[in-house]
Amino acid sequence: QIKEITNVADLNKEGDEMLHCVSSYHDLCASGRYRVFSIYNEEERATLGLSLKNSSDKYILDQVRGASNVAASNKAKKTAKAILNSVNNVLCA
């Protein structure tokens, strides 16, 4: 399951539940320069952050992390790359 986090309350909740500082990105998210997704699968949960490239309309993969900022699995990283490609494809359409 993949869910984009689109408001401050959910951003704070994600940070609290995952024990990391994703909520500190709220200003960047509000400006559209950063997008956050929560990724759930059978084995894990991870948080994905996409950052808008300077002078571009394309996002780059900034980070994908598990609880307490542990490294995400290869499966979560693969999902993160698919989300990134999807976001950028929609923007270019």
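Is leucine 19 exposed or buried? Leucine 19 counts as exposed, because its relative accessibility is 58% and the exposed class starts over 50%. The model is a predicted one.

## Leucine 19

Leucine 19 sits in a loop. Helix H1 (8-18) comes before that loop and helix H2 (26-31) follows. The backbone stands out here: phi is positive, about 60°, yet the residue is not a glycine.

## Serine 68

Serine 68 also has a positive phi, near 55°, and is likewise a residue other than glycine. Its loop runs between S4 and H3. Serine 68 counts as partly exposed, because its relative accessibility is 44% and that class lies between 20% and 50%.

## Largest nonpolar core

The largest nonpolar core has 14 residues. Within this core, Leu48, Leu50 and Val64 touch the most other members. Four elements each supply at least two of its residues: strand S2 (34-40), strand S3 (45-52), strand S4 (59-65) and helix H3 (74-92). H3 gives the most, with 5 residues.

## Contacts of leucine 50

Which residues does leucine 50 touch, leaving aside those up to four places away in sequence? The partners are Arg33, Tyr34, Arg35, Phe37, Tyr59, Ile60, Leu61, Asp62, Leu84 and Val87. Charged side chains such as Arg33, Arg35 and Asp62 are listed together with Phe37, Ile60 and Leu61.

## Second core

A separate, second core holds 5 residues. Among them are Ile5, Leu11, Tyr34 and Val36. Tyr34, a member of this second core, is also one of the residues that leucine 50 touches.

Key
Residues are numbered from 1 along each chain as its sequence is written. This is a predicted model: local features need pLDDT of at least 70, side-chain atom pairs count only at pLDDT 80 or more; totals for chains, interfaces and linings use all residues. Side-chain values use heavy atoms; hydrogens and water are left out. A nonpolar core is a set of buried Ala, Val, Leu, Ile, Met, Phe, Trp, Tyr and Cys residues joined through side-chain atoms within 4.5 Å. Buried means under 20% relative accessible area, exposed over 50%, partly exposed in between (1.4 Å probe, protein chains only). Contact means heavy atoms within 4.5 Å.
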